[in-house]
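This report looks at two bound ligands and two pairs of helices. Please read it beside the sequence and the structure shown here.

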Amino acid sequence: MEMLCDIKSMTKAELTEDFKRLGFPKFRADQVYGWLHKGVETFDEMTNISKDMRSVLLQNYYICNVTIEKKLVSAYDGTVKYLYRLHDGEYIESVLMKYHHGYTVCISTQAGCRMGCKFCATGMGGLARNLTPSEMLSQITTAQRDNGIRISNIVLMGMGEPLDNFDNVMRFLELVSDTDGVGIGMRHISVSTCGVVDKIYQLIPMKPQFTLSVSLHAPNDRLRGEIMPINNKWNVETLLEACRKYADATHRRISFEYSLIKDKNDTAECAKELAGRLKGMLCHVNLIPVNTVKGNSYERSSQAQIERFIKILESSGITATVRRTLGADINASCGQLRRKKKEESDGNIQQN
Ligand code: SAH
Ligand code: SF4
């Protein structure tokens, strides 16, 4: 039996080429591509495509969808958290947030993650597998359809390390920014990395127009090495050198993520050291009070400590903001729902 092809991971040019081989005119590729990117889940929903053609499509392709397994809506701010089920039984999470300028969705790029950051719920379970471009796209179209909205911004800050799934993520970015599809421009997309330095160098000549977020979380190797294993492969200086080159080449401001952990990386000394290391770089610092996660003992910093930290950065000329916590009542930070689901199903297997 011939393998069916993941049609939603194909670019419009690839689809057009494929359709030519199947004997369909170009406008059919335009129509089908349009439907797919509106988020239809079956070929039968493509009402301007004949029955005969739909059956040819079924013989050659499948439409990859994510299914809503669970949906939590915050009573505070309307933030929606989705637990999606994938075709092979894996689970991933997405979060939809409403800001004054529109809707932002935070999507996953992998089921799990192999980077093992100590403060992260996703990292604790290891990597199950990479997501396909179509699975990333479906997180967006499903949230749009489910809420009857258009999403204007995307952040790749859900489960997984985007640069550890490089080719699929690049293809997804090409698809989602295509004006014939969802049409979210690169300038409205952020890609977050824990610091996969060789991939940052791979990005530089591509001159990406998305925002690169780098999860720094500590100003020195002693602290960063303790909470982020990747630091033992590429240390702070190596990472920051790559970031400087990236900013110089792309003229794009890098956004450094810094999760404040009580009595660990939130001291005045840390703030000063951080300011010193970032001096002169085109960048911005995003401070996030760490989310408490079952399985570690990290606590969030006090408000006073957060304010002291930001003052020190600002007095050194580093722009910084404290990220507003959305969806506090629904555990909006990623990895926790999937873990719970996994524990439940592992429990079931033991009972059987
Ligand atoms: N793997 C990528 C993107 C996904 S994680 C990365 O690490 O950048 C998205 C962001 O959430 C990262 O900045 C990560 O460090 C942060 N994060 C993970 N667990 C967290 C927690 N418990 N509290 C606060 N931030 C957390
Ligand atoms: Fe992976 Fe990012 Fe979590 Fe680290 S913080 S384990 S890189 S998802």
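In which hand does H1 pass H2 in their crossing? The answer comes with the first helix pair below.

## Helices H1 and H2

The model is predicted. Helix H1 covers residues 12-22 and helix H2 covers residues 26-38. Their axes come within 9 Å and cross at roughly 135°. Angles over 145 degrees would count as roughly antiparallel, and H1 and H2 are therefore oblique to each other. As to the hand, the crossing in which H1 passes H2 is right-handed.

## Helices H9 and H10

Two packed helices are described by the angle between their axes and the distance between the axes. For helix H9 (residues 268-278) and helix H10 (residues 303-315), the axes cross at roughly 30° and come within 9 Å. Angles under 35 degrees count as roughly parallel, so H9 is roughly parallel to H10. The crossing of H9 and H10 is right-handed.

## Surroundings of ligand 1

Ligand 1 has 18 residues around it, and those that come nearest are Phe119, Ser192, Ser215, His217 and Asn291. By class, this shell holds eight nonpolar, eight polar and two charged residues.

Three of the nearest residues have polar atoms placed against ligand 1 as follows. In Phe119, a polar backbone atom is 2.9 Å from a nitrogen atom of the ligand. In Ser192, a polar side-chain atom lies 2.7 Å from an oxygen atom of ligand 1. In His217, an N or O atom of the side chain is 2.5 Å from an oxygen atom of ligand 1. Taken alone, ligand 1 exposes 530 Å², and the protein buries 89% of that area. Strand E10 (189-193) and strand E12 (254-260) are the elements that give two or more residues to the shell around ligand 1.

## Surroundings of ligand 2

Which residues are around ligand 2? Cysteines found there are Cys113, Cys117, Cys120 and Cys194. The glycines are Gly116, Gly123 and Gly160, and the list is completed by Met115 and Glu161.

Sorted by class, the shell around ligand 2 has five nonpolar, three polar and one charged residues.

Conventions. Residues numbered from 1 in each chain as written. Chains lettered and ligands numbered in written order. Predicted model: local features only at pLDDT ≥ 70, side-chain atom pairs only at ≥ 80, totals over all residues. Heavy atoms only, no water. Near = heavy atom within 4 Å. Polar contact = N/O pair within 3.5 Å; in protein donor to acceptor, adjacent residues only side chain to side chain. Areas by Shrake-Rupley, 256 points an atom, 1.4 Å probe, with all protein chains shown as cover. Helix = DSSP H or I, 4+ residues; strand = E, 2+ residues; numbered from the N terminus. Nonpolar A, V, L, I, M, F, W, Y, C, P; charged D, E, K, R; others polar. Axes fitted to C-alpha atoms, helices over the stretch in contact; angles between N-to-C directions. Parallel < 35°, antiparallel > 145°, perpendicular 65-115°, else oblique. Left-handed = near helix turned anticlockwise from the far one by under 90°.
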